[in-house]
Amino acid sequence: MASPQNIVNAAALQKDIVDSFSTSVTISSSPQQQFSYMSSSPTNSFMSPTGRRLSTSCAPAKALKPFSTGDVKILLLENVNETAIEILKGQGYQVEFHKTSLPEDELIEKIRDVHAIGIRSKTKLTPKILAEAKNLVTIGCFCIGTNQVDLEYAAEKGIAVFNSPFSNSRSVAELVIAEIICLSRQIGDRSIELHTGTWNKVSARCWEIRGKTLGIIGYGHIGSQLSVLAESMGMQVIYYDVLMIMGLGTAKQVSTLNELLNKSDFVTLHVPEIAETKNMISTEQFNQMKNGSYLINASRGTVIDIPALIHARKTNKIAGAAIDVYPNEPAKNGADLFSNELNTWATELTSLSNIILTPHIGGSTEEAQSAIGVEVSTSLVKYINEGSSVGAVNFPEVSLRSLTLDQDNHVRVLYIHKNVPGVLRTVNEIFAQHNIDKQFSDSRGEIAYLMADISDVDQADRKSLYQQLLQTPFNISTRLLY
Ligand SMILES: NC(=O)c1ccc[n+]([C@@H]2O[C@H](COP(=O)([O-])OP(=O)(O)OC[C@H]3O[C@@H](n4cnc5c(N)ncnc54)[C@H](O)[C@@H]3O)[C@@H](O)[C@H]2O)c1
Ligand SMILES: O=C(O)CC[C@@H](O)C(=O)O
């Protein structure tokens, strides 16, 4: 339980170790502070990714305050939803918000100072930028894709990266359904014509979608959601995925990409941006598609070879395409930004008929953005305040049940370290003079993360524990919460 004595002691400890704290954030001077969103409630019990029950206690959970919350600095870019701002400000953190992404030099300047950064798909967090982020503890990608962050480099620096794996999946699936109908009825073209005064009532090469075959490449969160919607509208669904996945409804998996391309009236891509998916649809694949079929891409811009698409459309190999994502995308909204300077083929693409172009809005709905804001900011708060890395995409997922208010003189150790032999022996020798209440450790590649709750630790012990852990040759980053 926090008492005035605790607070004074905490302040004293903070003064002692603040200079050497590897992440440069200060230990809490306000342990009594209440927080709302991420605190494990007494009744909150949840399962770890490994299926372990993490909390069964009925005692009130103790709010661990690692820092004076006012010292925690968060940089939010790319118009991250206001739900996130509310949650992070609700913690007392300092939140700097920008509607757009930032030019590299400005980003480097700002990232030096912050403990967490929130981005969407435009901000590239490269090794060059992350190397400057001396205080950065965590990154929140307020979207599904995490290809814009060098995940491995972040892990090596002890920076946990979180995303929102499915909060916008439904929005993307609905957009694709709309595009299937718009393409097959040439609605984009009719609309452009009428906006410029031309009445052009035609039915030639306009089709119902009922009974047509939809080929889904990548049957994950979005692909499988789309499959259900498409079937309910009378389409037949086939899909291709590198994994064997059970089809929903009557959807059938095919064993090769070519088989999918040969059989589909509509082909839609829902794969991540990785080396294997770069230019996955190029001239050879267009040649495999049915004459007069359609292509939709709302995954990532590098997945389609756009000059090959332009050729396929010009030669009427395909009857149309809908594209939401591009190899290079403008960093902000505005006129004249989608130009040949950004992508050399922009004018050629925009001049073609029955090509629907949207500005990366697959996941841009009020519902999705608000849910993503809550989900990702809650992950950031849980990681900053409690050390829980559940949901991290580049990091071992580790969590411990909450400490309770009756557990005085406890400290939670968060030790991110190199995954090499001998670490646990060394660390447990450091812990040996105290009682290890609970401990959980996991590794992912070359990085490992150990969480331990230690009891019977007084102020001086905390400082000594902290310094001993910092001095181990395996240390990447160490934090103490209490
Ligand atoms: N346009 C938008 O606004 C928007 C919104 C959300 C997501 N996205 C993009 O959509 C992508 C897919 O999202 P998701 O949530 O469905 O991802 P997911 O991880 O749930 O599913 C991806 C699927 O692709 C499969 N896959 C991977 N490599 C493949 C390959 N070479 N060939 C065939 N299948 C392969 C995987 O096995 C997986 O089943 C994301 O990576 C993101 O880039 C775009
Ligand atoms: O909101 C964004 O910028 C990205 C949306 C989408 O591509 C995602 O990866 O979730």
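How far does a polar side-chain atom of Asp241 lie from an oxygen atom of ligand 1? The distance is 2.6 Å, and the views below place this pair in its setting.

The structure is a predicted model, in which local features need pLDDT of at least 70, side-chain atom pairs count only at pLDDT 80 or more, and totals for chains, interfaces and linings use all residues. Residues are numbered from 1 along each chain as its sequence is written, chains are lettered from A and ligands numbered from 1 in the order in which they are written, and side-chain values use heavy atoms, with hydrogens and water left out.

**View 1. Surroundings of ligand 1.** Around ligand 1 there are 28 residues (a heavy atom within 4 Å), of which His221, Ile222, Asp241, Ala298 and Asp324 come nearest. Besides the Asp241 pair, a polar side-chain atom of Arg300 lies 3.3 Å from an oxygen atom of ligand 1, and a backbone N or O atom of Val242 is 3.5 Å from a nitrogen atom of ligand 1. Of the 860 Å² of accessible area (Shrake-Rupley method, 1.4 Å probe) that ligand 1 has on its own, the protein covers 87%. The shell comprises 15 nonpolar, 10 polar and 3 charged residues; Ala, Val, Leu, Ile, Met, Phe, Trp, Tyr, Cys and Pro count as nonpolar, Asp, Glu, Lys and Arg as charged, and the others, Gly among them, as polar.

**View 2. Surroundings of ligand 2.** Arg120, Ser121, Cys143, Ile144, Gly145, Asn168, Arg300 and His360 surround ligand 2. Oxygen atoms of ligand 2 lie 2.8 Å from a polar side-chain atom of Arg120, 2.5 Å from a polar backbone atom of Ile144 and 2.6 Å from a polar side-chain atom of His360. The protein covers 91% of the 290 Å² of accessible area that ligand 2 has on its own. By class, this shell holds 2 nonpolar, 4 polar and 2 charged residues.

**View 3. The largest nonpolar core.** A nonpolar core is a set of buried Ala, Val, Leu, Ile, Met, Phe, Trp, Tyr and Cys residues joined through side-chain atoms within 4.5 Å, where buried means under 20% relative accessible area (1.4 Å probe, protein chains only). The largest has 36 residues, and Ile74, Leu76, Tyr93, Phe142, Tyr383, Phe395 and Tyr449 have the most contacts inside it. Its largest share, 6 residues, comes from α13.

**View 4. Contacts of Phe142.** Leaving aside neighbours within four places in sequence, Phe142 is in contact (heavy atoms within 4.5 Å) with residues including Leu76, Ile119, Arg120, Ile372 and Leu380.

Key:
Polar contact = N/O pair within 3.5 Å; in protein donor to acceptor, adjacent residues only side chain to side chain. Buried < 20%, exposed > 50% of the residue type's maximum accessible area, 1.4 Å probe, protein only. Helix = DSSP H or I, 4+ residues; strand = E, 2+ residues; numbered from the N terminus.
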